[in-house]
Amino acid sequence: EQFITDETIVPAREASEEDLLVVHTRRYLSRLKWSLVVATITEIPPLIFLPNFLVQRKVLRPLRTQTGGTIMAGKLAMDRGWAINVGGGFHHCSSDKGGGFCAYADITLTIKFLFERVEGVSRATIIDLDAHQIWAALSFSETADLLGCSHTSISLHGMFQKRKKKNPVSAGSLGANALLMPEGNGHERDFLDDRRVYIMDAYNRYIYPGDGYAKRAIRRKVELDWGTEDIEYLQKVELHSEGALNEIRPDIVVYNAGTDILDGDPLGGLAISPQGIVKRDEIVFKAARSRGIPILMVTSGGYQKKTARVIADSILNLHRQGLIGEEVLDGAGPSTVPVMMSKSVSTGAAIGAM
């Protein structure tokens, strides 16, 4: 079953330094010119031994492309009712700290862009259903292939899938605590005192990052136990997604749809079936779409090869359920609000906008 073709996607553009400075400090971006710092953030120790120009090209540029994809998808969601960036969801990175495989704060950047540049956007709700308290990018190239896209990029999933640690600590493993502590979590810290942003977060309470300070930003906290299964999980997702959108009506929902909740994931510690993930995404989209609220989905964490198939199946199910599709775009017309992006187009990420 082919839903997406090269004619029905929007290629993502790499986020420029000017884009990144909307949220990130120059000091933080300068740190990324050190391979040691990038190795610490991404938990890929061999990067220490590579010249930084290679790290920029092979690791950070694809991450910047995914970040640019999330920003573009936010604008598309506002124009057209929904958008999916098959990538992104770097929710452990904040303005001045990276960690947990996350180097750029794409969710924070997207919300800031929308607040500053799109008329009528003054409130946002983040529904974060990655297994970790407010990454890890899966192989979005594999997912795109399963959906019928030809776009390819670096497969971060492939880098991390052999790791067995349940509770990774970014800096400590390299003895670089003075450079970067793993507490970037992420949009919680960025929006800690911003009442325009409502955060719902469902996560395994026993795993990384355990950031008590950042938890203060969570307005609706759903803490899960090891091995939580479908029935309990889906009941909580539905109850709290509906509750969050009933409590405050946002102008956009940013849905961090991590698949590290999948049974067998080496880092998530939960036991949700592939069918459970498909149903979870359907629940969240129905909650937003039934209220006429635009929704942006990013795919975030997931550390098994079968993750790509699960995401593809979920997107196809959203289409079958009438929650996404070509009809959303009919008559939408071109965007009239520019989003500042660099002109170089990468084939690394694709935004679903059928």
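**A buried helix, two cores and a surface patch**

Ten of the 14 residues of H11 are buried (under 20% relative accessible area with a 1.4 Å probe, counting protein chains only), so this helix is largely enclosed by the rest of the structure. The model is a predicted one, in which local features need pLDDT of at least 70 and side-chain atom pairs count only at pLDDT 80 or more, while totals for chains, interfaces and linings use all residues. Residues are numbered from 1 along each chain as its sequence is written, and side-chain values use heavy atoms, with hydrogens and water left out.

Among the buried residues of H11 are Val-310, Ile-311, Ile-315 and Leu-316. The length of H11 works out as well: at 1.5 Å a residue, times one less than the number of residues, its 14 residues should span 20 Å, and the end C-alpha atoms are indeed 20 Å apart. After H11 comes Gly-322, with a positive phi near 75 degrees.

Zooming out, the chain has eleven helices and eight strands; these are DSSP runs numbered from the N terminus, with H or I over at least four residues for helices and E over at least two for strands. Of the 354 residues in the chain, 63% are buried.

Now for the inside. A nonpolar core here is a set of buried Ala, Val, Leu, Ile, Met, Phe, Trp, Tyr and Cys residues joined through side-chain atoms within 4.5 Å. The largest one has 40 residues, and those with the most contacts inside it are Ile-84, Leu-129, Tyr-233, Tyr-255, Phe-285 and Ile-295. Elements that each supply at least two residues of this core include strands S4 (197-204) and S5 (220-224) and helices H10 (274-289) and H11 (307-320). H10 gives the largest share, six residues. A second, separate core holds 25 residues, including Leu-32, Ile-41, Ile-71 and Ala-103.

S5 has two faces: Arg-220, Val-222 and Leu-224 sit on the covered one, Lys-221 and Glu-223 on the uncovered one. S4 and S5 pair (DSSP finds at least two bridges between paired strands) in the parallel sense, over five bridges. Asn-204 stands opposite Leu-224 in S5.

What about the outside? Phe-49 lies in the loop between helix H3 (35-42) and helix H4 (52-80). Phe-49 counts as exposed (over 50% relative accessible area) because its relative accessibility is 71%.
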